[in-house]
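Hi everyone, thanks for making the time. I'd like to walk you through one model today, so please have a look at it first.

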Amino acid sequence: MGYRCLLLLVVLIIGCATEKKPKKFHSVHIETLFRDSVSIRAIEFLDQRTLAFAGSHGIYGSVDVNSSAVRTNVMQANGIRPEFRAIGHTTNDFFMLSVANPALLYKTGDAGRMELVYKEEADGVFYDSMKFWNNMEGIAIGDSMKGCLSIIITRDGGNTWTKLSCSQLPEADEGEGAFAASNTNIAIYKNNVWVGTSSGNVYSSNDKGNSWVKTVTPIISKEPAQGIYSIDFYSDKIGFAIGGDYTRPELRNANKIYTVDGGRSWHLIADGEEPNYKSCVQFVPNSDGNSMVAVGFTGISFSGDGGYNWDKLSEEGFYSLRFLNDSVAFASGKHRIAKITFN
């Protein structure tokens, strides 16, 4: 009996010692790696070594995570330098998509140059963000036209893109679009995709964009500058969205929502509390969906309890952020890219 009790005690001690504890951040160290006149709202890790980016004035490039070396290039199309706010990637290719008319979508070419694979010319065209499910299937979304959101999808690795007809999509609210603020108003998890809009709605599909459901959320969205700016999912159930009003960034009311049922229902959280307006929210890796970081030109905020309580870690402003691992992230903003170490 004594041996059995001792064995049980040892098992309990080992179990407690190996139990994963929620990660808590108290401070940040910010190291600026790149400065230029470019405004950068789209960054993505191509792999564990390379961060890709694209921004204003046709400027795009990459950052070597290990050496911090930065390479840049300029895209010029018929004398125009497009403004890029959406990028994506597969294992083999990098993509970047411009805002406004004409919409220009470029893909890594066989000759080592970016090649145009999709062009859309029309009044009102404005694309906001892009993501890939896998190496063959990807999606980009834009503001509504002719009564529905603009959604283009590729099924062949990005070589060709097809725009969904309005008959395949829910009817859009009047003037409904999205904010091209951080390339994060699309979230993807396995076959699922969620899109947050300026009208405070979440469009979702569980079959890679073949069928869609539109869900109304309680996030603030009465004015043109209000709505969902960023959305992220930790699993097929746990999701979080943030926004507010960038013209009144001090407002904290009704600008944060969460779901635990895959987006079927959304609820306000930390209403009236920190943080205020933010343009990007990302779950911390390996946090069981409890920890997340939100950034905006209003600073950097952290929650370790699923979004109920937040701490402001820095006043330094950024537009977008991506985690390299569970304690290091890279962020982009006005005229810079920085490495952020969370402590």
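Let's begin with cysteine 280, which is buried, because its relative accessibility is 1% and the limit for buried is under 20%. Keep in mind throughout that what you are looking at is a predicted model.

Staying with cysteines for a moment, how many disulfides does the count come to? The count is 1 disulfide. The partners are cysteine 148 and cysteine 166, and their sulfur atoms lie 2.1 Å apart. Along the chain, this pair links distant parts: cysteine 148 belongs to strand 11 (residues 148-154), while cysteine 166 sits in the loop between strand 12 (162-163) and strand 13 (186-189), 18 residues apart. As for handedness, the torsion about the S-S bond is about -75 degrees, so this disulfide is left-handed. The two ends also have their own surroundings to report. Cysteine 148 counts as buried at 4% relative accessibility, whereas cysteine 166 is partly exposed, with a relative accessible area of 31%.

Now for the sheet. If you find strands 21, 22, 23 and 24, you will see 4 strands forming an open sheet in just that order, with antiparallel pairing. Why is one side of strand 21 and of strand 24 left without a neighbour in the sheet? Strand 21 (280-283) and strand 24 (311-314) stand at the edges and each has a single partner strand, so there is nothing in the sheet on the other side. On average, neighbouring strands here are turned by 25 degrees against each other, with direction ignored.

Looking inside that sheet, strand 22 (residues 292-296) and strand 23 (residues 299-303) run antiparallel and are joined by 5 bridges. One facing pair to pick out is valine 293, which stands opposite phenylalanine 302 in strand 23. Hold on to that phenylalanine, please: Phe302 is also part of one aromatic cluster, together with Phe25, Phe323 and Phe342.

That brings us to the aromatics. Across the whole structure, a search finds 17 aromatic pairs. Take tyrosine 229 and tyrosine 277: their ring centres are 4.9 Å apart and their planes stand at 85 degrees, so this pair is edge-to-face. The two come from distant parts of the chain, 48 residues apart, with tyrosine 229 in strand 17 (residues 226-233) and tyrosine 277 in the loop between strand 20 (267-268) and strand 21. Are these tyrosines buried or exposed? Tyrosine 229 and tyrosine 277 are both buried. While we are on rings, have a look at arginine 41 as well, which lies over the face of tyrosine 319, at 3.7 Å from the ring centre.

Two more stops. Strand 9 (residues 127-132) is mostly covered, with 6 of its 6 residues buried. A hairpin of 5 residues takes the chain from strand 9 into strand 10, and these strands run antiparallel, joined by 5 bridges, with strand 10 spanning residues 138-145. Within this pairing, serine 129 stands opposite isoleucine 141 in strand 10.

Finally, threonine 215, which you can find in strand 16 (residues 213-216). With 12% relative accessibility, threonine 215 counts as buried. Which residues is threonine 215 in contact with, leaving aside its neighbours within four places in sequence? They are Gly200, Asn201, Val202, Gly263, Arg264 and Trp266.

That's my tour, and I'm happy to take questions.

Notes
Residues numbered from 1 in each chain as written. Predicted model: local features only at pLDDT ≥ 70, side-chain atom pairs only at ≥ 80, totals over all residues. Heavy atoms only, no water. Buried < 20%, exposed > 50% of the residue type's maximum accessible area, 1.4 Å probe, protein only. Contact = heavy atoms within 4.5 Å. Pairing = 2+ DSSP bridges. Axes fitted to C-alpha atoms, helices over the stretch in contact; angles between N-to-C directions. Disulfide = S-S within 2.5 Å. Phe/Tyr/Trp six-rings, centres within 6.5 Å; stacked < 30°, edge-to-face > 60°. Lys NZ or Arg CZ within 6 Å of the ring centre and 35° of its normal.
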